Amino acid sequence: MRLLSFILTGALIALVAAMPSRRSNLVVHEKRAREPTDWVLSRKLEPDAVLPMRFGLTQNNLHRIEEMLMSVSHPSSASYGTHYSPEDIVDIFAPSDDTIAAVTEWLTESGIARERLRLAPSKGWIQVNATAAEVEELIAAEYHVYTHPSGAQQISCHSYSVPEHVREHIDLIQPTVHFSHRVSQPDRIQKRSLGQFGKLEAKIHGGPKTNGKQVTITPTLEHCDEVITLDCLRALYSIDYTPVATDKNTFGILELTPQAFLQSDLDMFFANFSPSQVGTAPTLVSIDGGVAQTDDQGFNFNGESDLDLEYAFGLTNPQPILLLQAGDLVEGASFNNWLDAVDGSFCTFEGGDDPTQDGIYPDPLPGGFDQPESCGIIAPPFVVSASYGEDEGDVTQAYAARQCAEYGKLGLLGTTVLYSSGDNGVAGNGGECLGPNGEPSPRGTRFSPDFPVTCPFVTAVGATQVNPGSTVNDPEGACEQVIFSGGGFSDFFALPDYQATAVTNFLTNHPPPFTSAQFNNSGVVRGFPDISANGANYVVAVAGEFVLVFGTSCSAPVVGSMITLINDARLAAGKGPVGFINPALYSDDFADSFHDITTGGNQGCGTPGFTATEGWDPVTGLGTPNFTTLLSHFLALP
């Protein structure tokens, strides 16, 4: 983490000095989201151990993000498409001088000398190196060392507290309760997982599934219920557009190391389905040492990246694609690392990366990336597709809110962010559900929503299928082959205005047969997914052979490709990218842009899950896109 080395001086010091001395009772600020699995409390942390403390300061105007997004993203808004500049974003959301002064006063009155404090360039956080004894006294915490059977160790506290009068000025403090679950736990990692390397894969899951069947290629629309190809997708969603503004347009695909593509796989796919693209490769954007490794090969290492790139390239030909490859082979990466790369201010936004959740760079481990972290190395692509996720119950609300706000900021800048909704129906990673206390449990019965798809500022993409025996001219159903489309309701995020009518209609007209003990049925929380696309029987070249692949990992890059084509048409017409698309998708103006999915469900947690029905539902969202209609509507906007 890069720090700006200057001492708090001038007007801020005067403001601090003018404030009266206040002592208040400490109140609990955060508790650990879940107890660590397979980790054993080994000992209390030594009192002289030095901790790199970061105090994330509350940002200004975060409550305005949805309002600001609606202003530039809703088709009826007079300022549609008038996106903000990066400088605007920093100015609007920087914390106030009062917040900086209040936290500074608390720290100095607690015995930490002012000259030890450092303020980040964005004013988003205050950093100080302090001993465990100092920190424990300061925030009423007790740090312990935990040990995993693999030998890995982690420090953490169960909870921490701050004075009541300071609480409103602090978003989160780290390192504290955000426990690392990076060590591989094979019994909990599903086939959507990253494989067996990297520290983050046991918590962040990504990657499609396969039924293990090798396939012989006989491209024909007659068999799209058995094998999905580029032509099947074009027929299903009326995609007939060739990009003409590729020099202006940008499309990013996120991959987390060690997931990596093989050029030989891309060429094998192209030779069969898009011959003119043989030899085409993505532009590698190496984030924090990200490398498209080739040492480890096979479905668990190449399945995700091969799938994403083969179909994204094929559908957007000849659009170049940016491969956002995050994390080295030692430390790994998470979503915050790619956010750092496209927005330098996020590296210090409300405390920067969380060392217990994200890859922290430079990486001191042998073979690790030893350069400064990748902050603001590229402009945000107009579209970013990510086929990874983690359970909402695995992170704290403060951590989730911090990251969600950044997705909102990207929307304000004109970027569309799409995440796959998960492959376990209403259950979480590995089919695990939540217990009565809200923590993941092997015996849990409460539905476990995914994250970041529950963030209202991303577009969540579910999965459908061409039903067995059906054709591309027949209605699709929710995906119920090998995987079940992830969907449900958040336990963290409020219902956004753009979705309120759709969610209310679903809960009123099609009330699910479940109680509040099984899901958040309050009617005031975010529902997901937003839209869907086919996610079953994709023909993908992986490690030198064609296999059938399933998952929302298939559908996310397909939708991302369609939005990229729409951006191309707008750019060619002298307009800007569409940016955050959800307000438009849910508007009456776009109601005819989707194929409504009314069959199938997303079983999990010992239940049939939710059921697809007329209108929006928490299985397939609004349905699958009709690209031709969607293009027409977006092209008509300013």
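Analyst: In this predicted model, a residue is called buried when its relative accessible area is under 20%. Cysteine 479 has a relative accessibility of 0%, and 0% is under 20%, so cysteine 479 counts as buried.

User: What makes cysteine 479 unable to form a bond with the closest cysteine sulfur?

Analyst: A disulfide needs two cysteine sulfur atoms within 2.5 Å of each other. The closest cysteine sulfur to that of cysteine 479 belongs to cysteine 554 and lies 8.2 Å away, which is too far for a bond, so this pair does not meet the cut-off.

User: How many disulfides does the structure hold?

Analyst: There are three. One of them joins cysteine 224 to cysteine 232, another joins cysteine 404 to cysteine 455, and another joins cysteine 433 to cysteine 605.

User: Why is the pair of cysteine 224 and cysteine 232 called a disulfide?

Analyst: The sulfur atoms of cysteine 224 and cysteine 232 are 2.0 Å apart. Since the cut-off is within 2.5 Å, the pair qualifies, and it is therefore called a disulfide. The torsion about its S-S bond is about -85°, so this disulfide is left-handed.

User: Are cysteine 224 and cysteine 232 buried or exposed, and how do you know?

Analyst: The value for cysteine 224 is a relative accessible area of 2%, and for cysteine 232 it is 0%. Each of these values is under 20%, so both residues are buried. The same reasoning applies to cysteine 157, whose relative accessible area of 1% is under 20%, so cysteine 157 is buried as well.

User: What is the handedness of the disulfide of cysteine 404 and cysteine 455, and what does the pair tie together?

Analyst: The sulfur atoms of this pair are 2.1 Å apart, and the torsion about the S-S bond is about 80°, so the disulfide is right-handed. Cysteine 404 lies in helix α11 (residues 397-413), whereas cysteine 455 lies in the loop between β20 (450-451) and β21 (459-465), so the pair ties together parts that are 51 residues apart in sequence. Both cysteine 404 and cysteine 455 are buried.

User: How do you know that the disulfide of cysteine 433 and cysteine 605 links distant parts of the chain?

Analyst: The sulfur atoms of cysteine 433 and cysteine 605 are 2.0 Å apart, and the link is left-handed, with -105° about the S-S bond. Cysteine 433 is in strand β18 (residues 433-434), while cysteine 605 is in the loop between β28 (594-595) and β29 (624-625), and the two are 172 residues apart in the chain. Like the preceding pair, cysteine 433 and cysteine 605 are buried.

User: Which residues does UniProt list for "active site", and how do you know that they gather at one spot?

Analyst: The unreviewed UniProt entry lists Glu304, Asp308 and Ser553 under "active site". They span 250 residues in sequence, yet no two of their C-alpha atoms are more than 7.6 Å apart, so they gather at one spot.

User: Where in the fold are glutamate 304 and serine 553, and what makes them count as buried or exposed?

Analyst: Glutamate 304 is placed in helix α9 (residues 299-316), and serine 553 is placed in helix α13 (residues 552-572). Glutamate 304 has a relative accessibility of 0%, and the relative accessible area of serine 553 is also 0%. Set against the cut-off of under 20%, these values make both residues buried.

User: Why is the link between the side chains of serine 553 and glutamate 304 called a polar contact?

Analyst: A polar contact requires a pair of N or O atoms within 3.5 Å. The side chains of serine 553 and glutamate 304 are joined at 2.8 Å, which falls within that limit, so the name polar contact fits the distance.

User: What lines the second largest pocket?

Analyst: The second largest pocket holds about 480 Å³ of space. Its lining is made of 21 residues, and Ala502, Tyr586, Asp588, Trp616 and Leu622 lie nearest its centre. Helix α12 gives the largest share of this lining, five residues, and the lining divides into 11 nonpolar, seven polar and three charged residues.

Conventions
Residues numbered from 1 in each chain as written. Predicted model: local features only at pLDDT ≥ 70, side-chain atom pairs only at ≥ 80, totals over all residues. Heavy atoms only, no water. UniProt positions renumbered as here; feature names shortened; annotations may be inferred. Helix = DSSP H or I, 4+ residues; strand = E, 2+ residues; numbered from the N terminus. Buried < 20%, exposed > 50% of the residue type's maximum accessible area, 1.4 Å probe, protein only. Polar contact = N/O pair within 3.5 Å; in protein donor to acceptor, adjacent residues only side chain to side chain. 1 Å grid on protein atoms, 1.4 Å probe; cavity = no way out; pocket = protein on both sides within 12 Å on 5 of 7 lines; lining within 4 Å. Points joined across faces, edges and corners; volume = space filled by probe spheres on them. Nonpolar A, V, L, I, M, F, W, Y, C, P; charged D, E, K, R; others polar.
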